[in-house]
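Student: Could you take me through the cysteines of this protein, and show me what surrounds them? I'd like one connected story that I can follow on the structure.

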Amino acid sequence: MHFLNMLSCDNPLTLCAMDVSFIQSLILFCSLIWGLGAQSPENKTIPNIIIMLMDDMGWGDLGIFGQPSKETPNLDSMAAQGMLFPNFYSANPLCSPSRASLLTGRLPVRNGFYTTNGHARNAYTPQEIVGGISKDEILLPQVLKKKGYINKIIGKWHLGHRPQHLPLERGFDEWFGAPNCHFGPYNNSDRPNIPVYKNSQMVGRYYEEFRIDKKTGESNLTQIYLKEGLDFIYHQAMARQPFFLYWAADATHAPVYASKHFLGKSQRGRYGDAVLEMDYSVGQILDSLHVLGIDKDTFVFFTSDNGAAVMSGPKQSGSNGPFLCGKETTFEGGMREPAIAWWPGRIPAGTVSQQLGTVMDLFSTSLSLAGLNVPDDRAIDGLDLNPVLHNNTLINRPIFYYRGNEMMAVRVGPYKAHYWTWSNSWEEFNKGIDFCPGQEVAGVTTHIQKEHTMQPIIFHLGRDPGEKYPISVVTKEYQEALSQITPVVDKHKQDLVPGEPQLNMCDMAVMNWAPPGCEQLRKCLKAPKSQPWKCDWPH
Ligand SMILES: *[C@@H]1O[C@H](CO)[C@@H](O)[C@H](O)[C@H]1NC(C)=O
Ligand SMILES: [Ca+2]
């Protein structure tokens, strides 16, 4: 079936990804005849690992979670063939810290991807950031190498763009993508356009060699990222080489984009078009695993790095479904993510897990699948989800919601307690920046940092997923919930050793002026004089 799909030429697209699939399928057909398609038995216990991480895609963007515009037939069938996680969380409501947590298995406050320049501020890695992922952190691909995995990242890195912080320095063997968000275009004199890398060399810049038309929303980047993914999978499968693919395409992050074939095809404009192309790409990747005969040897996990950016809505934002607010906040809309695990023959099809999970679990789970232990010299926040994946068991564990250096909230079972509430400042709000458009909840979506540590606001997320009805403090339910939550928070705070904050300093001189490889391309720009300052994180 899938084989025929890939060979069919009735699609009007003449996209490189399709061509590659076509050629690969032909080669595969020959190799199957020669009996090279099957994995060697000794590799059976070490599955390939694919993590597909979306950018700012919301929980409510998937058809399976009720999105009425139904742009995700491939993701919906991935869920039907695998396990759906309705209670899965990012480690932070923003890109960089969430991604650092995924790859280290540790909360940002431990791995250093946070700031102490202000209280409870979201920080990330814009071009002027001096820091990046600390060399003292151990990243997932670094550990996977011990079992001979070949590791590739495709798309957005976001853990620092200076040479010492780039993916090939941190356990990845290959990279195609960019270190920062695809913001721009810039004029290259006071701010350079973001470079696109192939491995450790830049091959161009966004808006130059890698075009994004902000007027029409057209870009071929998702197709390029798809082709990179299919090529990589194909070559590793042919070599019977266990691999880790971290597929981090970013079309659903503003400015959202899609290639021509997908533009104008969804029910909700450009954002939906980007989702359509992502969904198509997920389908292509899963199909290629079938065609190559490695679907039963490959663990695939799909999720997103933070909630939909509702402050960019409705044109450039996804949906957080029934949840409150979005990106940048520690309400459910900021951190509850779509999540699907897929591994035919190993993960029971059509299952739903009520396990509370986080992106940090992908670190621990992947290592466990590879037969490796998590580092034992540091605190790891990730959980090995293998018992959940194979037997749908439930493991009791809390979820911590951090904003910068502050634990804002915690979830224990169905209860979520807010110790601090904040959307953004009145100053920003009055400028039109709204993290909770149409969703103000009095006393909850506050515009000052409001402390509730003496008497947290508690919601029951089962009955009230939208965090609209605080449980009255005079009820027995409140007291019982609090008595369960308090020891969890006390223990967490007692044991917490905050990492050295890496996102405090900024400097225009460290921007992507002259990335490695710029000489050959004649694309080196002149950096201004170094003038470091303490970065200002307004929210
Ligand atoms: C995308 O690729 C097509 C086909 O090669 C090309 O015609 C089009 O100009 C490209 N679009 C952008 C925005 O680069
Ligand atoms: Ca993001």
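Tutor: Happily; we will go through the bonded cysteines, then the unbonded pair, and finish with the surroundings.

Please keep in mind that this is a predicted model. To call two cysteines bonded, we ask that their sulfur atoms lie within 2.5 Å. By this rule the chain has 3 disulfides. If you number the bonded cysteines in sequence order, they pair as 1-2, 3-6 and 4-5.

Let's start with cysteine 325 and cysteine 436. Their sulfur atoms are 2.1 Å apart, and the two form a disulfide. The angle about the S-S bond is 105°, and this link is right-handed. Where does the bond reach in the chain? Cysteine 325 sits in the loop between β11 (298–304) and α9 (332–335), while cysteine 436 sits in the loop between α12 (426–430) and β20 (450–451), so the bond ties together parts that are 111 residues apart in sequence. Are these cysteines buried or exposed? Buried here means under 20% relative accessible area. Cysteine 325 has 0% relative accessibility and so counts as buried. Cysteine 436 has a relative accessible area of 1%, so this cysteine is buried too.

Next, look at cysteine 506 and cysteine 535. This disulfide has its sulfur atoms 2.1 Å apart. With 110° about the S-S bond, the link of cysteine 506 and cysteine 535 is right-handed. Cysteine 506 belongs to strand β22 (residues 505–506), and cysteine 535 lies in the segment after β23 (533–534), so this pair ties together parts that are 29 residues apart in sequence. Cysteine 506 and cysteine 535 are both buried.

The remaining disulfide joins cysteine 518 to cysteine 524, with an S to S distance of 1.9 Å. The torsion about this S-S bond is about 95°, so the disulfide of cysteine 518 and cysteine 524 is right-handed. What about the accessibility of its two ends? Cysteine 518, at 0% relative accessibility, counts as buried. Cysteine 524 has a relative accessible area of 36%, so this end is partly exposed.

Now for the unbonded pair. Why is there no disulfide between cysteine 181 and cysteine 95? The closest cysteine sulfur to that of cysteine 181 is the one in cysteine 95, but the distance is 4.8 Å, so they are too far apart for a bond. Cysteine 181 is buried, with a relative accessible area of 5%. Cysteine 95 counts as buried as well, at 2% relative accessibility.

Cysteine 95 deserves a longer look. You can find this residue in helix α4 (residues 95–104). An unreviewed UniProt entry lists Asp55, Asp56, Cys95, Asp305 and Asn306 for "binding site". These residues span 252 residues in sequence, yet no two of their C-alpha atoms are more than 7.9 Å apart, so they gather at one spot. From this set, Asp56 and Cys95 belong to the lining of the largest pocket.

Let's widen the view to the annotated domain. The unreviewed UniProt entry gives "domain: Sulfatase N-terminal" for residues 47–371. This span is 25% helix and 18% strand, and its end C-alpha atoms lie 10 Å apart. Towards the end of that numbering you will meet helix α10 (residues 361–369), where 8 of the 9 residues are buried, so the helix is largely enclosed by the rest of the structure. Among the buried residues of α10 are Asp361, Leu362, Phe363 and Leu369. After α10 comes glycine 371, which has a positive phi near 75°.

Finally, turn to ligand 1. Which residues surround ligand 1? They are Arg211, Glu218 and Asn220. A polar side-chain atom of glutamate 218 is 2.9 Å from a nitrogen atom of the ligand, and a polar side-chain atom of asparagine 220 is 2.3 Å from an oxygen atom of ligand 1. On its own, ligand 1 has 370 Å² of accessible area, and the protein covers 49% of this.

How values were computed
Residues numbered from 1 in each chain as written. Chains lettered and ligands numbered in written order. Predicted model: local features only at pLDDT ≥ 70, side-chain atom pairs only at ≥ 80, totals over all residues. Heavy atoms only, no water. Near = heavy atom within 4 Å. Polar contact = N/O pair within 3.5 Å; in protein donor to acceptor, adjacent residues only side chain to side chain. Areas by Shrake-Rupley, 256 points an atom, 1.4 Å probe, with all protein chains shown as cover. Helix = DSSP H or I, 4+ residues; strand = E, 2+ residues; numbered from the N terminus. Buried < 20%, exposed > 50% of the residue type's maximum accessible area, 1.4 Å probe, protein only. UniProt positions renumbered as here; feature names shortened; annotations may be inferred. 1 Å grid on protein atoms, 1.4 Å probe; cavity = no way out; pocket = protein on both sides within 12 Å on 5 of 7 lines; lining within 4 Å.
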